[in-house]
Amino acid sequence: MAQAEEKREENHVLLVAFSSQGHINPMLRLGKRLAARGIHVSLATTEIVRHRMLKSSGAGPADHVTGIELLFFSDGLSLDYDRKTNLDVYMDILGKHGPSNLSALIKEHYTSPKKLLCLVTNPFVPWVSDVAAEYNIPCAMLWIQPCALYAIYYRCFNKLSAFPTPTDPDMVVELPGLPSMEKEDLPSFVLPNNPFGSFPKLFSELFQGMEKFKWVLGNSFYELEKHVIDSVCELYPIRPIGPLVPPTLLGQDQELEDASVDMWKSDETCIEWLTQQPPSSVIYVSFGSIVVLPAKQMEAIATALKNVKRPFLWVVKPPEFPTPDGAGQLPSWFLEETKDQGQVVRWSPQTRVLSHPAVACFITHCGWNSMLETICSGIPLIAYPQWTDQPTNAKLIVDVFKIGVRIKKEADGNISSEVIEKCIEEVMVGPVAEQLRKNAMALKAEAQKAVAADGSSDENIRLFVEEITCDSCKKDGSPNVGNLSHEGQDKVSDKGV
Ligand SMILES: O=c1c(-c2ccc(O)cc2)coc2cc(O[C@@H]3O[C@H](CO)[C@@H](O)[C@H](O)[C@H]3O)cc(O)c12
Ligand SMILES: O=c1ccn([C@@H]2O[C@H](COP(=O)(O)OP(=O)(O)O)[C@@H](O)[C@H]2O)c(=O)[nH]1
């Protein structure tokens, strides 16, 4: 036992993630890249994740994911608490109980916590940096949304630029390195009508105290977002090390195992069904793990899918806490009337779906993981964003990456099935479709280059590992992301990118 513990503390990094699948998986993939460079890695997250993994697999939860040890701490709430409906309460309680519970976990698992090379946290558990400080361990943040969101929040919460206010809710926001943004392009949390009171507080504290993070890593790649990445260099640089997606999507060794957890059991039968469909014919539809669409919007999508008469694969994840208004439920007529046309599953093996040759396009809520997976699959997107970073991600898809179209809302906030049908036709046939597909394939190639040996992201990982393992760098308490990030970018521009 003593020997195992000693080993654990050699060259060890502890990752800490918020409980959502889209936050844990990029962290695990970062962990794997660190492990490939000789670092021992563990990931700590909250008990609710262990509980969901248990439910999804039916067996006991894994205590390791491809060599990364999983550790769990309590968020202070009971397992059956409805966290999704009460996000503000959840985030508050987690912020109150998380620090002491994580601190106890560290004490329990590491005989000398100071030996940890660093803690890596994500933006939704920013208090991890205080736990790191308590043990005198350096702390890094993995930013799990586009670097554009990092730039927007940094400027917003440090009051460096003007954002919409209750008296000027429609103002257009102009920021360096980004296109002009109207209110429907901004992250929902910076708008005056944002209902999540504790979010601005969480992010104000985070962005006003960035010096607590010695490194900021981003789940993106330089070539994808170079203008906005360059634009934050002077503020507090972010170093892109992504895309953190399964190795099979990156053209890497097919034998390489992915590091990820599944909180829901995926329905593999849809892969067999896909195999029976013509190449580039299927519309894939999914809104991720959190969004629950209002019944009216479910109806509009259902009508559009039926009317376009093309094969579809729609993920309809039953709401964990169903409501009488029918939110998140299929219209009653749908399955019967489309039974020869498409498939509905509760949860799909999404990365296998996106890279399947039968899939033509993806109607998505624009979660960043889904977007990166799509970029790496080289197919166009139809953006239907809901909240948080998603509206801005949709803006990037259309105006910066130019790999998709956006479903525009009517003046009353609803969507019409005709608009969805038009978007589908636009990305499936004709000159726009052709251009989008070309752009998508080009970005896919750039993504593969970034993570391949000596690519921009690979180089940034190498620099990070060099930094955390270098004794003199560790003792220097000042945040030095700046120097390194500049160096990383010089290297990139040296190569003529
Ligand atoms: O902001 C939150 C909060 C939150 C924080 C503070 C508060 O007071 C209230 C709520 C909780 O869960 C989230 C989960 C998310 O999952 C998903 O994470 C991906 C990667 O960040 C995104 O790209 C996807 O759009 C998104 O659905 C994204 C989020 O932005 C949040
Ligand atoms: O049916 C599904 C839908 C989603 N996902 C995965 O769940 C994650 C969703 O993350 P994202 O950031 O896109 O959205 P979120 O669910 O966090 O809103 C992605 O990795 C998807 O591949 C999946 O495996 N099956």
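A polar contact is a pair of N or O atoms within 3.5 Å. In this predicted model, a polar side-chain atom of Ser370 lies 2.5 Å from an oxygen atom of ligand 2, so the pair falls inside that cut-off. The points below describe the surroundings of ligand 2, then those of ligand 1, and finally the second largest pocket.

**Ligand 2**

- The residues that surround ligand 2 number 14, and the closest of them are Ser289, Ser348, Asn369, Ser370 and Glu373.
- Besides the contact made by Ser370, the side chain of Asn369 has an N or O atom 2.9 Å from an oxygen atom of ligand 2, while a polar side-chain atom of His365 lies 3.0 Å from an oxygen atom of ligand 2.
- Taken alone, ligand 2 exposes 540 Å², and the protein buries 92% of that area.
- Strand 9 (282-286) and helix 13 (368-377) each supply at least two residues of this shell, and helix 13 provides the largest share, with four residues.
- Sorted by class, the shell around ligand 2 holds nine polar residues, four nonpolar residues and one charged residue.

**Ligand 1**

- Ligand 1 is surrounded by 20 residues, of which Ser198, Trp368, Thr388, Asp389 and Gln390 are the closest.
- Two side chains place a polar atom 2.9 Å from an oxygen atom of ligand 1, namely that of His23 and that of Asp88.
- The backbone also takes part, since a polar backbone atom of Phe199 is 3.0 Å from an oxygen atom of ligand 1.
- On its own, ligand 1 has 600 Å² of accessible area, and the protein covers 97% of it.
- Helix 4 (87-109) and helix 7 (198-208) are the elements that give two or more residues to the shell around ligand 1, and the largest share, three residues, comes from helix 4.
- By class, this shell around ligand 1 is made up of eleven nonpolar, seven polar and two charged residues.

**The second largest pocket**

- The second largest pocket contains about 790 Å³ of space.
- This pocket is lined by 30 residues, and those closest to its centre are Lys183, Glu184, Asp185, Arg406 and Lys409.
- Two or more lining residues come from each of helix 14 (390-400), strand 14 (404-406) and helix 15 (417-428), and helix 14 gives the most, with five residues.
- The lining of the second largest pocket divides into 15 nonpolar, ten charged and five polar residues.

Technical notes: Residues numbered from 1 in each chain as written. Chains lettered and ligands numbered in written order. Predicted model: local features only at pLDDT ≥ 70, side-chain atom pairs only at ≥ 80, totals over all residues. Heavy atoms only, no water. Near = heavy atom within 4 Å. Polar contact = N/O pair within 3.5 Å; in protein donor to acceptor, adjacent residues only side chain to side chain. Areas by Shrake-Rupley, 256 points an atom, 1.4 Å probe, with all protein chains shown as cover. Nonpolar A, V, L, I, M, F, W, Y, C, P; charged D, E, K, R; others polar. 1 Å grid on protein atoms, 1.4 Å probe; cavity = no way out; pocket = protein on both sides within 12 Å on 5 of 7 lines; lining within 4 Å. Points joined across faces, edges and corners; volume = space filled by probe spheres on them.
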